[in-house]
Each structure stands twice: as structure tokens, then as C-alpha cells.
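Let's take a look at the empty spaces in this protein. Where are they, and what lines them?

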Amino acid sequence: MKKVSLVLLLVLVSFIAFFPSSSCYAKDIINNKGVVMTEEEYNNFLKAYSEGYIMTMNQKTYEKLKNLNFENVKKETLFLETTYNSHLNVATEKEITEEEYNNFEVATPLVNSDHAYTENTAKRIELAVIGGDYYNHVTFAALWKYIPTTRVYDVIGYRGEYFGFRNGSQVGEQVFKWNGQYDSVDYEWDGDRIKRADNGFGFAMNIVNNDITYLELTTDCDIYETGTHPTLFAAYEHAVKNTSLNDALSFTLGGGGLGNVFIYPYSISSKYDGESGLRLQF
């Protein structure tokens, strides 16, 4: 009897080892647009994207991202505190640490009798390049610590030196959280909210006016090298005064522009906060 029991025990252990419990398997993740991804894919995406972006990306974006090599990601991050004085029409910024950003508390805007106000807030900007054999995939994001007061047409985009941009790959997304749920506005490469040039492009995004608790603006594209020592510049500029779509898209691209990307006439550049951008050199 003891020998038989031992044999049965060994068979049972072998059976369990060969057919592990279903609880050992990683669970699939379904985002707000019904896109199904594995836990491994989700963790890979987090190397270059925020949770908000992942939870609102569409099926087309997922099909592209899942085939990228997330073991080859180069990333730059900058934390900024910005202050805007509407009376003087002056916006200032300073770089802060990640700890200062995480602990940042916005002050209530100070309003005087002339309805001028001073507002300060913080944001995180991130530029990531996912390496490929010929095309490199690029993503740039600006995430607000607190929602800005002025919400009109902000601009976000890239300028390349010795980089080409694959037409059709330029996309944008405005991600926000409303009533506790992530949602988004998508921007296409051939829509009326983008201006393209040989050396880059920019999207004009009208910031949603809902009572939101999260705000992120992103833009992605594919780039390829056209010369030695190529450099990629990325900039996000927040409008601090009323702007139109025509105003926002009236830029050219150049090194002397806002964030080393967007060149505007002064009458329009003065409507933006003039925030520093990011760059990656190869």
C-alpha cells in the first residue's frame, strides 16, 4: 500500500507541474477602447508611455507598438515649474527635481482688481526614441501636474536636423480624465490640426474645457537618419492668452523658435509660455 501511495503521489505532483494552475498565467489587460494586450506588452509600453496613453490608445496604435523593440529605448525627461503673470504678460519657468514635482502643490491663482492674475503649475515633459533597423519610433509627451486655467490651442511637435519624418506616421493624442475615466482626442497626420514640413511638424490641440483631473498631450512619428550626428528637438508650448487655430498653426520650424522648434511672429509667440523643449542627439 505504501508503494502504491508513493507512486500516486509522484504522478499527482508530475500532473500539477505539467498543468499549472490558471492563476499562474498573466492576465490580459483591456483598455478603455477595448484593446486587449498582454501584461508583458503593457509593461513594455510603460517604458515609453504613460498609463493614460496606454489606456486610451486605439487598435491601430496597439498593432504598431506591439511590434516595436522596447529593449532599445532612449529617453529624456524634464520637470518644470511655470509661473504666468497676466498683468505683465510674462511667463517664467524653472527646472525642478522629480521629488519636487511629485510634492508640488499649486497655489490658488492670485487675482487683482483689474482681473489680472498670477498662476503657477508644473508639468513633466518626456521624449523617447524606440530604436529600429531603419525607422526609429519617437514619442513626446507633456503631462500636467495640475490643469491650466487657459485652455485654447497649445502646440506640440518636432524639428529634426539630419532626420527625415515618415509621412503618414505623424499622430497626436490629447489624453484626459473626466468623471474618473480616461478619454482622448486623436489627431491624424492629414487632418486640419497639423502643419508639416520636411524638417518636422507640429499639432495644434484645443485643450478640453471639461472638469478634468488629468491632462496629457502627446505626439508620435517615425524618423530616419539623413546625415551624420542627427539631432531631434521636441517642444510643447502652452497658450497663456486667447489664440485661434490659425494663430497656432502659423509657425515655421527653426532653431531660434520656441523650444528650439516653433518660430512665430512676436504677436503670436507672446501668447505662448515659451517653454524649453527636449532634444536627443545620436
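In this predicted model, a search of the whole structure turns up two cavities of 30 Å³ or more. There is also a pocket to look at, and here is how the linings split up.

| Space | Volume | Nonpolar lining residues | Polar lining residues | Charged lining residues |
|---|---|---|---|---|
| Largest cavity | about 110 Å³ | seven | five | three |
| Second largest cavity | about 60 Å³ | seven | three | two |
| Largest pocket | about 330 Å³ | six | seven | seven |

Start with the largest cavity. It has 15 residues in its lining, and Thr 82, Tyr 84, Glu 119, His 238 and Val 240 sit nearest its centre. Strand 3 (73–85) and strand 6 (117–130) are the elements that give two or more residues to this lining, with strand 6 giving the most, at four.

Now for the second largest cavity. Its lining includes Ala 48, Tyr 49, Ser 50 and Tyr 53, along with Glu 126, Leu 127 and Ala 128. Among the others are Thr 139, Ala 141, Glu 216 and Thr 218. Here strand 6, strand 7 (136–144) and strand 14 each chip in two or more residues.

Finally, the largest pocket, with a volume of about 330 Å³. Of its 20 lining residues, Asn 58, Lys 60, Thr 61, Ser 169 and Val 171 are the closest to the centre. Which element gives the most to this lining? That's helix 4, with four residues. Helix 4 (59–65), strand 10 (171–178), strand 11 (181–187) and strand 14 (214–225) each supply at least two.

Definitions and conventions
Residues numbered from 1 in each chain as written. Predicted model: local features only at pLDDT ≥ 70, side-chain atom pairs only at ≥ 80, totals over all residues. Heavy atoms only, no water. 1 Å grid on protein atoms, 1.4 Å probe; cavity = no way out; pocket = protein on both sides within 12 Å on 5 of 7 lines; lining within 4 Å. Points joined across faces, edges and corners; volume = space filled by probe spheres on them. Nonpolar A, V, L, I, M, F, W, Y, C, P; charged D, E, K, R; others polar.
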